[in-house]
Amino acid sequence: MNETKTESYITKIIEETGLNRKEIQDLVKEKKEELKGLISDEGALFIIARELGVDVKTESKELIRDLEINISDVRKEMKNITLVGRIKEILRIYEFDKKEGSKGYVGSFLLCDDSGDIRVVLWDDDVAIFQDSNFIKGEIVKIINGYPKEGRNGDIEIHLGRLGKIVIAPEDIDYKKYPKIKEKTLLIKDVSQDSFSVSIEGMIMNKFPIKEFSKKNGDSGKICSLILRDNSGTVRVNFWNDSVEKVKNYEIGDFISIKNVRPRESSYRPNTIELNANDYTQTEKFNKKLTFKIEIVDSIKNLQEKEDLVSFKGVISSIDNLKKITLNSGDQVSLLSFIVSDDTDAIRVTAWRDLAEDLVQKLNIGKGIVIKNGNIKYNSFSNRKEITYSVNSSFEETDLTFSDLKNLEPYNRAKEESFSRNFTKIASINSPGFYEIKGFIAKDISNITIYEACSKCFKKIDNCICSEQTDTEFRMIINLIIDDESGTIRTTFIGDNAEKLLNMKTDLIMKIRETPDYEKLLEKISSELVGKDIYIKGKAKFSDYSGSYEIMAKDVKNIDLNRELEDKIKKIAT
């Protein structure tokens, strides 16, 4: 510390402000605490003098260096800080109307040093620097008299103070301390919320249809989401509005790179990171393939403890008929389900689209099989983990024998007593009445209706017929298309039956309905329900609107495949 310079600062502050030495020393202590001990007494005095309007003409380059801090050291309570770094990303300028009627402007860029990244936000006249030909990605800039502020997403960002400025290519810094930015592609497992912007690459495992939605301000928006995989894991990447065009022509199985996407925690799946594209996101397709080396799980029972990709072996114990499923987009796709068993347990495997049509030609009941790189996920409908056979999966036949081949555990038959098992073919339902049907869910769920109802009669509040005022509750309505291969029928599930079908409570659905994750929830529910076989008991009624009979469900159960097999054996025997 330069004691002469420190004393001269104190003297000048006393002369121009009337503060005494003790008061100034207290201010120095507070300033050093505010800046987490990152500056000297001399540096603290320099800042205090400037804040008090005292002109300190003896400012030196040494002192300025004292005031410079790393990006990782920035704290919200700091003031008048100096940052140096390279421009990592330049974001767009937005125009808006101020309250008094004039036009306002806001723009931002991403500043980085060896310790991290931070967004720098500029307002009105300050955005003119974006037009400077030297203000380019990779250039070194110095932020003088900036102050930290919490941004909309809870991140700390830098704004310019009243006397703040940005110096392009400053002459008073050591350029060796700020190496040129190298594009770094992260493994998906290494992506964290701490990063402002990341770049990744991998194979498209799933691509959801483009969906349109209404924003709170009444404007329309759209979203297209991809599931991307590399050798370390998977991540969902959301492309919003105009950025949807960047992935419009990509297909499942394509290997792509995605640069400049923003990580954030999913509001639908806590502790899960998703990536969101923006105007500066770049995508590119490559002629590459993923290769995995995954150990084969020793038993099917142990699959229930695994996550992500798995490889396993067993015997094909049953194969469902190939089904045609109608998506919300109107497209029809193929779905195939089959069961693989060993002497410890059994597991359901599903395949979609071309993979389903290919497998149905190659699989044979009773054959041993090794499945590699299957994606295992928990299905809340069946309360078990199941396997999805994807573009990166493969299989080969092998010789396997088990003395005690297991089937999927049946659901509790005692709970099934309400079903007489006298099932009616959908095509033959041509009059009102109560029917039992069995079939599969043949179409995506496009919406879940929620209404406020009387807790006694369950009618909408406006239609309540109760003589006394009662409490109200929220109930949901779900419409499904059920197919039994003889025909299809629209089936409605209300209240407890809807919750039973989804294995979700209405209050959870309500919370998510008001968030951008509602579309993702519908996708998740559809992925678990579509193609599933169920029993339904309900009342048929002719609908003038659809011109056909529809069913109001009174009960719903999973189909017990073992019970179905027993029934078929009995019929053959008789």
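This short talk walks through one predicted protein model, from the chain as a whole to a strand, a cavity and a few single residues.

Let me begin with the overall picture, keeping in mind that everything I say rests on a predicted model. The protein chain has 574 residues, of which 45% count as buried, and its secondary structure comprises 9 helices and 26 strands. If we take the contacts in the chain with a separation of 6 or more, 62% of them are between residues 24 or more positions apart. As for the surface, the chain exposes about 31,300 Å², and carbon and sulfur atoms supply 46% of that area.

I would like to turn now to strand 19, which covers residues 384-389 and is mostly covered, with 5 of its 6 residues buried. Which strands pair with strand 19, and in which sense? One partner is strand 17, residues 346-352, which pairs with strand 19 in the parallel sense over 3 bridges; in this part of the sheet, A351 stands opposite Y389 of strand 19. Another partner is strand 18, residues 368-379, which runs antiparallel to strand 19 and is joined to it by 5 bridges, and here I376 is the residue that stands opposite I387 of strand 19. Strand 18 and strand 19 also form a hairpin, with 4 residues between them, and within that turn N383 has a positive phi of about 60 degrees. As background for that last value, most residues other than glycine have a negative phi.

Two further residues belong in the same discussion of backbone angles. D124, which is found in the loop between strand 4 (116-123) and strand 5 (140-150), has a positive phi near 50 degrees although D124 is not a glycine. Is D124 buried, exposed or partly exposed? Its relative accessibility is 25%, and because buried means under 20% and exposed means over 50%, D124 counts as partly exposed. N503, in turn, is found in the loop between helix 6 (496-502) and helix 7, and its phi is near 60 degrees, again a positive value in a residue other than glycine. With a relative accessible area of 41%, N503 is likewise partly exposed.

Staying with helix 7, which spans residues 506-513, we find D507 in that helix. The relative accessibility of D507 is 47%, so D507 counts as partly exposed. If you want to relate D507 to another part of the chain, consider I450: the two residues are 57 residues apart along the chain, while their C-alpha atoms are separated by 9.7 Å.

Finally, let me come to the internal spaces. How many cavities of 30 Å³ or more does a search of the whole structure find? The search finds 2, and I will describe the second largest, which holds about 30 Å³ of space. Its lining consists of P209, K211, I223, C224, S225, R236, E519, K520 and E523. Sorted by class, that lining has 3 nonpolar, 1 polar and 5 charged residues. Which elements each supply at least two residues of this lining? They are strand 9, residues 220-230, and helix 8, residues 518-529.

To draw the main points together, strand 19 is mostly covered and pairs with strand 17 in the parallel sense, and strand 19 runs antiparallel to strand 18, while the lining of the second largest cavity includes 5 charged residues.

Terms used. Residues numbered from 1 in each chain as written. Predicted model: local features only at pLDDT ≥ 70, side-chain atom pairs only at ≥ 80, totals over all residues. Heavy atoms only, no water. 1 Å grid on protein atoms, 1.4 Å probe; cavity = no way out; pocket = protein on both sides within 12 Å on 5 of 7 lines; lining within 4 Å. Points joined across faces, edges and corners; volume = space filled by probe spheres on them. Nonpolar A, V, L, I, M, F, W, Y, C, P; charged D, E, K, R; others polar. Buried < 20%, exposed > 50% of the residue type's maximum accessible area, 1.4 Å probe, protein only. Contact = heavy atoms within 4.5 Å. Areas by Shrake-Rupley, 256 points an atom, 1.4 Å probe, with all protein chains shown as cover. Pairing = 2+ DSSP bridges.
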